[in-house]
Amino acid sequence: MLGNMMFQPLLISSMIEHAGRYHADSLVISKNTDLSITETTWGQIHDNSKRFAQVLQSFGFVLGDRVATIAWNNHRHLESWYAISGSGLVCHTINPRLFPEQLVFIINDAADKVLLFDKTFLPLIKAVKPLLKSVEHYICLDAPDDAVREAIPDVLFYDELIAGHSAQFTWPVIDELSASSLCYTSGTTGNPKGVLYSHRSTVLHSYAISMPDSLNISARDVMMPVVPMFHVNAWGTPYAAAMAGCTLVLPGPGLDGASLVGLIDRYKVSVALGVPTIWQGLINAAQQSGSQLTSLSRNVVGGSACPPAMLKAFKDQFNCETIHAWGMTETSPLGSANQFKAKHMGLSDEEKLQVRLSQGRPPFGVDLRITDEENGTHEVSRDGETTGNLQIKGHWIIKNYFAKENSALTSDGWFDTGDIATLNEDGYLKISDRSKDLIKSGGEWISSVYLENLAMGHPKIAMAAVIAAEHEKWDERPILIAIKKPDVDLNESEIFDFYADKVAKWQIPDKVIFVESIPLSGTGKMLKKDLREQFGKVLLST
Ligand code: ADP
């Protein structure tokens, strides 16, 4: 017997409709590409998304056709997101920092029909346009502009297009399993592959990230996703923000510390999200300007491991609770978030810090396990010590990659993440490394993340990466690539001494190389593959 309750498909359009109806006057503040600031509301975002949905309909596409965006976090980008998915098309967000060849590859692979872009990316669009096979319409997310028209004669302008339509529009009711958005993995460890989310997976993920033990989002929050909308849909926050009706601050292209401090203080941001490299810049800028970041009650760190020194700095200097979270493109992305359980509340500050350093536990809706083999099915003990291959399953986890027939899952239906980790009896996850970044020294594994975190705690180091260098005797040995803080004296032996009482002797890096900069991926992660190519042979005698 079936239950007697209504069935309504879980659709992205219902989230923006909710925000437009019940939170119409909540602000959406965004920094434009020319660095001016626009203040709009959820009501206006909803209206404009309905206008743009009609523009898209007028092109005569079929359900599931792809519309690409190359844009920063701003209000037009947000409106277009809801218009695209809401009208049954697929919103393909593209990372503008990809190499042009990769960009061309993914636009052709996705067969995008429309390309929306911020004016600032005009040179890039102009350069790749002759190589794009499927794009029928180029739309600049701005008011009409002669320079843009000169570079791309058939270009259309977003502001002009939406001005031609009214906000009277009814969102189509489609199957909740329909595709809604497409994100390519940023290719830190290989070629980009497409992950195709559905309306259902997106709505369920939005509920999950909003819960108190995840990001705890309410209508009273002022949320700033520093993580770009092209990085796993800004971790789902623009959807969750509409669901909660909170104020949203979109930082546009200004991702440097000083710009972010300015926005946090001016708009009283209560929760912000980003990768560790962003936070490092923010801490330095706040220290320099003397800002106490008073409004910021919590920040979410994910994408790479959060160094303990960063967690401490946020807590001790800015009274800000850091939520350490783990996820990946294939997992929408939230797989775990770190919040205490009741039993942790009586712990000492130091014991609490130890709990908070882990990547946290899964929200309801996903399940984690550790197996003893990559893509294996045999689970190891949840004892907080036994490391193995992290696997995940749940409502918002990938099944197969875009346009690939074969399953991406193990024989019993789990997704193997490529991360090496432990789980404890409470489900707290500790990532020790990516399997490709682990260092195999004489048959023993050394975690690069662990050594990096220690180095980041050194008072004279600004940034650190540990990679495997080839070694004649031990196969691989760790080496440390480090950027010194400005105007400090630091040499290799000081670092060896620093490690001496912190790790076993055989884990201390064999060599320290000081550099001016470390290559970062488009999403702000250290490109260890590039570092291995550059420095991977420094320990070999020939
Ligand atoms: P990319 O492949 O470009 O890095 P993703 O953004 O999907 O693309 O990265 C997901 C990976 O990032 C995870 O598999 C994991 O290795 C790493 N990661 C994400 N969050 C954390 C975290 N909190 N701690 C350690 N590693 C993390």
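Which residue forms a salt bridge with D221, and how far apart are the closest N and O atoms? The partner of D221 is R298, and the closest N and O atoms are 2.8 Å apart. A salt bridge here is a side-chain nitrogen of Lys or Arg within 4 Å of a carboxyl oxygen of Asp or Glu.

This is a predicted model, in which local features need pLDDT of at least 70 and side-chain atom pairs count only at pLDDT 80 or more, while totals for chains, interfaces and linings use all residues. Residues are numbered from 1 along each chain as its sequence is written, and side-chain values use heavy atoms, with hydrogens and water left out.

## Salt bridges

Side chains of opposite charge can pair when their charged atoms come close. By the rule above, the count comes to 21 salt bridges.

Start again with D221 and R298. The pair links distant parts of the chain, 77 residues apart. D221 sits in the loop between α8 (199-210) and β10 (222-225). R298 belongs to strand β13 (residues 298-301). Helices (H or I, at least four residues) and strands (E, at least two) are DSSP runs, numbered from the N terminus. Both D221 and R298 are buried. Buried means under 20% relative accessible area, exposed means over 50%, and partly exposed lies in between (1.4 Å probe, protein chains only).

Three of the pairs are set out here.

| Pair | Closest N to O | Citation |
|---|---|---|
| D221 and R298 | 2.8 Å | |
| D510 and R477 | 3.0 Å | |
| K129 and D154 | 3.6 Å | |

The side chains of D510 and R477 meet in a salt bridge. This pair also links distant parts of the chain, 33 residues apart. D510 is in the loop between α16 (492-500) and β24 (511-514), and R477 is in strand β23 (residues 475-484). D510 counts as partly exposed, at 31% relative accessibility. R477 is buried, with a relative accessible area of 7%.

Salt bridges that share partners also build a network. R76, K119, D142, D145 and D159 are joined in it.

K129 forms a salt bridge with D154. K129 lies in the loop between α5 (122-128) and β6 (137-140), and D154 in the loop between α6 (146-151) and β7 (156-157), so the pair ties together parts that are 25 residues apart in sequence. K129 is partly exposed, with a relative accessible area of 25%. D154 is partly exposed too, at 46% relative accessibility.

## A negative patch

Which residues gather in a patch of negative charge on the surface? They are D316, D349, E350 and E351. Patches are made of residues with over 30% relative accessible area and no salt bridge; like charges are joined within 9 Å, and nonpolar side chains (Val, Leu, Ile, Met, Phe, Trp, Tyr) within 5 Å. Helix α14 (residues 349-356) gives the most to the negative patch, with three residues. E350 lies in this helix, α14. At 44% relative accessibility, E350 counts as partly exposed.

## Cysteines

A disulfide is a covalent bond between the sulfur atoms of two cysteines. The rule here asks for a pair of cysteine sulfur atoms within 2.5 Å. By this rule the count comes to zero disulfides. C91 is in no disulfide, and its nearest cysteine sulfur, that of C183, is 8.9 Å away. C140 is in no disulfide either; the nearest cysteine sulfur, that of C91, is 17 Å away. C91 is buried, with a relative accessible area of 1%. C140 is buried as well, at 0% relative accessibility.

## Backbone points

Most residues other than glycine have a negative phi, and most peptide bonds are trans. Some local features are worth a look against that background.

The peptide bond from S332 to P333 is cis, with omega near 10°. P333 lies in the loop between β14 (321-327) and β15 (334-337).

K268 has a positive phi, near 55°, and is not a glycine. K268 is found in the loop between α11 (257-267) and β12 (271-274). K268 is exposed, with a relative accessible area of 55%.

A403 has a positive phi of about 60°, although A403 is not a glycine. Its place is in the loop between β17 (388-394) and β18 (415-423). A403 is exposed, with a relative accessible area of 63%.

## A buried tryptophan

W42 is found in helix α2 (residues 42-58). At 0% relative accessibility, W42 counts as buried. W42 and M243 are 201 residues apart in sequence but 11 Å apart in space, C-alpha to C-alpha.

Methods: Accessible areas come from the Shrake-Rupley method with a 1.4 Å probe; for residues, only the protein chains shown count as cover. Lys and Arg count as positive and Asp and Glu as negative; His and the chain ends are not counted. The place of a charge is taken as NZ of Lys, CZ of Arg, CG of Asp or CD of Glu.
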